[in-house]
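Hello,

I am handing this structure over to you, and I hope you enjoy looking through it. Please find it just below, followed by my notes on what turned up.

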Amino acid sequence: MKPVLIQYAHIIDPSQNINGTGSLVIADGKIAWLGKDEHKPPENDYEVIEATNLIACPGFIDLHCHLRDPGFEEKETIITGTRAAAKGGYTTVCCMPNTEPAIDNQSVVDYVKDKAAREGAIRVLPIGCITKGRKGEALAEMGELAQSGVVAFSDDGNPVMNSRLMRQALDYSRAFDLPVIDHCEDKVLAEGGQMNEGVISTRLGLPGMPAAAEEIMVARDISLAKLTGARLHLAHLSTADSVELVRAAKKKGIRVTAEVTPHHLTLTEEKVLGYDSNAKVNPPLRTRQDIQALIQGLKDNTIDAIATDHAPHTEAEKMCEFAYAPFGISILDTALGMLLSLVHEQKVDLKLLISKLTWEPAQIIGDRFGKLGTLALGSQADLTLFDLDREWVVDPRTFASKGRNTPLAGTKLKGKVVATFYQGKMVYKE
Ligand SMILES: [Zn+2]
């Protein structure tokens, strides 16, 4: 295969503090050369990609997605999910263990890893359960899971309600230096909730999930992280006070990291007006004030990463009364376009956004899978090329994901992935 020369792109690589025009060479699956401005690479027979006016950055890393495989292949498979990810600019996804069977033992980890290696478009890093079957009753075989190569532990979809069990999980996780990812929701307080609790839930007559249901668990988990000294990662923060709790914990030196989703950064609970079940998500879409606090959290590094919580469902499942529809948004196809609205509205700097999609989530994963989230010389050529200004209208029928459940159908987005390279191979091209 000829080496690829990507010429005159706007290269943004927060890992090396690069933000300017340049060119780079991909050879043998690695970043072989990178030069600023008009610098020319060594003479060679290149396949040249003219990238003037395009952004080139490390491939995105998603710490949190649901590939639904095994068990729910009607919603998504490792094949369709990784294709959607590649189309969205992602080269690494960490998949949550709420499959059937759940990823709570080595055989399921092996199944995911083998299928991803054979048929997946990009890198898939499985997350193992904290408790057996995600039931919250007994710890999963965390040692076996760690040995079989999980990247973290989580019962996502469920919190670990039992504080004593959560303490044990955090204690054990220290032996493997893997993070425990909690889905922060007090299930009892939020029970029956359909959307954010507030004026709109009252007006719509829908039972609410109060912000407190999340914040109580954020506070508890921070206390347990302090008690155990373990690595805690908080999934999909959605409220202003959650951000405040994490900020205070980091100031105290507690080992906590946090993520936020594209939808919680860009959509409010008003999306639920009209009872659109595609806007039904857990944690629920919140308020404008929450969005402001989440953005502030990104800026001051209280929030480390942007993760999608891609949650595909079938049309039949979502086409029902609001109360009966499952929670979740299929988001890999639209994540970048949604996030770039924050850049176009000058709420977030582009380099910061890229950092939260690449280098910072890579730090949470660590380097056991190679050096990720960087265009450093010699690193794996995981790279995304996108057009910051390309306008397009969301049409769920064109999604690479099987899940068409998006509240954005018909919405105009600005910014689109043009090509994605995984280990030097082009895995998506517009
Ligand atoms: Zn969750």
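To start with a term you will need: two strands are said to pair if DSSP finds at least two bridges between them. Strand β1 and strand β5 (residues 55-58) pair in the parallel sense, with two bridges. Please keep in mind as you read that this is a predicted model.

**Strand β1 and its partners**

Let me stay with β1 for a moment. This strand spans residues 4-13, and eight of its 10 residues are buried, so the strand is mostly covered. In the pairing with β5, I11 has A56 as its bridge partner. β4 also pairs with β1 in the parallel sense, over four bridges; there, I6 is matched with I49. Strand β2 (residues 18-27) runs antiparallel to β1, and eight bridges join the two. One of the residues to look at here is A9, whose bridge partner in β2 is G22. The hairpin of β1 and β2 has four residues between the strands, and in it N17 takes a positive phi near 55 degrees.

G22 also leads to another part of the chain: E38 is 16 residues away from G22 in sequence, while their C-alpha atoms are 6.8 Å apart in space. You will find E38 in the loop between β3 (30-36) and β4 (47-50). Is E38 buried or exposed? With a relative accessibility of 58%, E38 counts as exposed.

**The zinc ion**

Next, have a look at the metal. The zinc ion has protein donors in D156 (OD), H183 (ND1) and H236 (NE2), at 2.0 to 2.3 Å from the ion. Along the sequence, these donor residues follow the spacing D-x26-H-x52-H. D156 sits in the loop between β9 (153-154) and α4 (163-173), and H236 in the loop between β13 (232-234) and α8 (240-251), so this pair ties together parts that lie 80 residues apart in sequence. D156 and H236 are both buried.

**The cysteines**

How many disulfides are there? The count is zero, taking a disulfide as a pair of cysteine sulfur atoms within 2.5 Å. For C57, the closest cysteine sulfur is that of C94, and at 17 Å it is too far for a bond. C57 is buried, with a relative accessible area of 0%. For C129, the closest cysteine sulfur belongs to C95, 11 Å away, which is again too far for a bond. C129 also counts as buried, at 0% relative accessibility.

Happy exploring, and best wishes!

Conventions. Residues are numbered from 1 along each chain as its sequence is written. This is a predicted model: local features need pLDDT of at least 70, side-chain atom pairs count only at pLDDT 80 or more; totals for chains, interfaces and linings use all residues. Side-chain values use heavy atoms; hydrogens and water are left out. Buried means under 20% relative accessible area, exposed over 50%, partly exposed in between (1.4 Å probe, protein chains only). Donors are N, O and S atoms within 2.8 Å of the metal (3.2 Å for Na, K and Ca); water is not among the atoms, so sites may look incomplete.
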